[in-house]
Amino acid sequence: MSAPLLEVRGLSNHFGSVCTARDLSLSFAEGELTSVIGPNGAGKSTFINLLTGHLPVQAGQVLFRGRDVTGLAVHQRVRLGMGRSFQIANVFPGLTVLENVLIPALALAGRAGRPLSRISGEREAREQAQGVLSRVGLGAEAERPASALSHGDRRLLEVAVALASRPALLFLDEPTAGMNPVERTRLLEGIRALSAGGQTTFVLVEHDMDVVFALSARVVVLHRGELLCDGPPERVRADARVREVYLGHEVEEAAP
Ligand SMILES: Nc1ncnc2c1ncn2[C@@H]1O[C@H](COP(=O)(O)OP(=O)(O)OP(=O)(O)O)[C@@H](O)[C@H]1O
Ligand SMILES: [Mg+2]
């Protein structure tokens with residue numbers, strides 16, 4: 001059998017006396033859309049930061065396609081195909097929506113560094129960037145300055161920027177936070193279609209249980225840095241410990 005896309009072995013992290021990852025071992029298979037859930041402070045963002053190199057690993061190992069990446073810098077992991085959504089500061093407000101997505105698209109093609117005035121000549125990258133924008137529902141906004149976007153649309157743009165470098169594995173930490181229902185639906189439909197396309201494997205941190213259960217093939221539940229439950233949505237929804245620490249009535253409301 002081929003190696004999992006990402007394998008985590010015995011990952012631990014402490015912030016002073018607070019344990020935010022306790023001997024976590026799990027792997028992510030190619031193509032399997034996974035949601036990571038858990039109460040506030042459970043260690044979800046820490047987990048992603050450890051996997052993507054934004055936090056140094058104190059104990060344990062991270063393997064990407066069988067290769068030990070534990071000590072690699074963020075940009076080295078990105079080059080290998082591990083992406084995460086950029087923070088708001090990484091959207092250039094003075095550029096158009098399309099230009100923001102063109103930057104990683106051109107970098108991928110090894111053509112970065114040219115003046116922006118020549119970007120319009122790069123037809124292939126432009127088409128690719130336009131395609132990514134359409135997939136997240138921003139196709140009609142391409143020529144607007146990024147600064148003119150609503151908060152939710154900016155978040156969509158961040159996801160589009162992350163997607164434009166065609167990561168094999170993409171972590172999205174609460175991508176729908178602050179979005180209105182229309183923006184949320186647009187993004188989730190985009191993620192669903194992209195996930196089905198098979199090019200990118202998604203790992204989402206998400207608080208909205210409707211979203212989690214509708215989208216995910218697998219749900220990982222963290223609680224105080226520990227792996228509380230890991231399995232298909234139906235099993236997680238029925239798990240007594242998960243209900244106790246986190247889901248409670250939300251699960252019943254989200255159940256069909
Ligand atoms: N850099 C840091 N230094 C010290 N403590 C931190 C740091 N980052 C996070 N923490 C603490 O670690 C715990 C886990 O935080 P983390 O952000 O991983 O949780 P989370 O599951 O993403 O929560 P949320 O749902 O609120 O986003 C929290 O108690 C938080 O205050
Ligand atoms: Mg978080």
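**Exercises on a predicted model**

β2 (18-28) and α1 (44-52) each contribute at least two residues to the shell around ligand 1. The model is predicted, and the exercises below begin from this shell.

**Exercise 1. Determine which residues surround ligand 1, and which element gives the most to the shell.**

Step 1. List the shell: ligand 1 is surrounded by Phe15, Val18, Thr20, Gly38, Asn40, Gly41, Ala42, Gly43, Lys44, Ser45 and Thr46.

Step 2. Assign the contributions: α1 gives the most, with three residues.

Step 3. Classify the residues: three are nonpolar, seven are polar and one is charged.

**Exercise 2. State whether α1 is largely enclosed or open, and identify the residue just after α1 that takes a positive phi.**

Step 1. Apply the cut-off: a residue is buried if 20 or more other C-beta atoms lie within 10 Å of its own.

Step 2. Name the residues of α1 that are buried: Lys44, Thr46, Phe47, Ile48, Asn49, Leu50, Leu51 and Thr52.

Step 3. Conclude: eight of the nine residues of α1 are buried, so the helix is largely enclosed by the rest of the structure.

Step 4. Continue past the helix: just after α1, glycine 53 has a positive phi of about 90°.

**Exercise 3. Locate the largest nonpolar core with respect to domain 1 and domain 2.**

Step 1. Describe the core: the largest nonpolar core has 70 residues, and those with the most contacts inside it are Val101, Ala129, Leu133, Ala160 and Val221.

Step 2. Find the main contributor: helix α5 (residues 151-164) gives the most to this core, with eight residues.

Step 3. Place the core: domain 1 (1-81 + 167-256) and domain 2 (91-166) both supply residues, so the core lies between them.

Step 4. Examine one residue: leaving aside residues up to four places away in sequence, alanine 160 touches Val101, Val132, Leu133, Val136 and Leu138.

**Exercise 4. Describe the phi, the loop and the exposure of glutamate 174 and of arginine 224.**

Step 1. Recall the background: most residues other than glycine have a negative phi.

Step 2. Consider glutamate 174: although not a glycine, this residue has a positive phi of about 50°. Glutamate 174 lies in the loop between β7 (169-173) and α6 (181-197). Glutamate 174 counts as partly exposed because it has 16 C-beta neighbours inside 10 Å.

Step 3. Consider arginine 224: this residue, not a glycine, has a positive phi of about 50°. Arginine 224 is placed in the loop between β9 (218-223) and β10 (226-231). With 16 other C-beta atoms within 10 Å, arginine 224 is partly exposed.

Conventions:
Residues are numbered from 1 along each chain as its sequence is written. Chains are lettered from A and ligands numbered from 1 in the order in which they are written. This is a predicted model: local features need pLDDT of at least 70, side-chain atom pairs count only at pLDDT 80 or more; totals for chains, interfaces and linings use all residues. A residue is near a molecule or strand if its C-beta atom, placed from the backbone, lies within 6 Å of it. Helices (H or I, at least four residues) and strands (E, at least two) are DSSP runs, numbered from the N terminus. Ala, Val, Leu, Ile, Met, Phe, Trp, Tyr, Cys and Pro count as nonpolar, Asp, Glu, Lys and Arg as charged, and the others, Gly among them, as polar. A nonpolar core is a set of buried Ala, Val, Leu, Ile, Met, Phe, Trp, Tyr and Cys residues joined through C-beta atoms within 7 Å. A residue is buried if 20 or more other C-beta atoms lie within 10 Å of its own, exposed if 12 or fewer, and partly exposed in between; C-beta atoms are placed from the backbone. Domain bounds come from an automatic or database domain assignment. Two residues are in contact if their C-beta atoms, placed from the backbone, lie within 7 Å.
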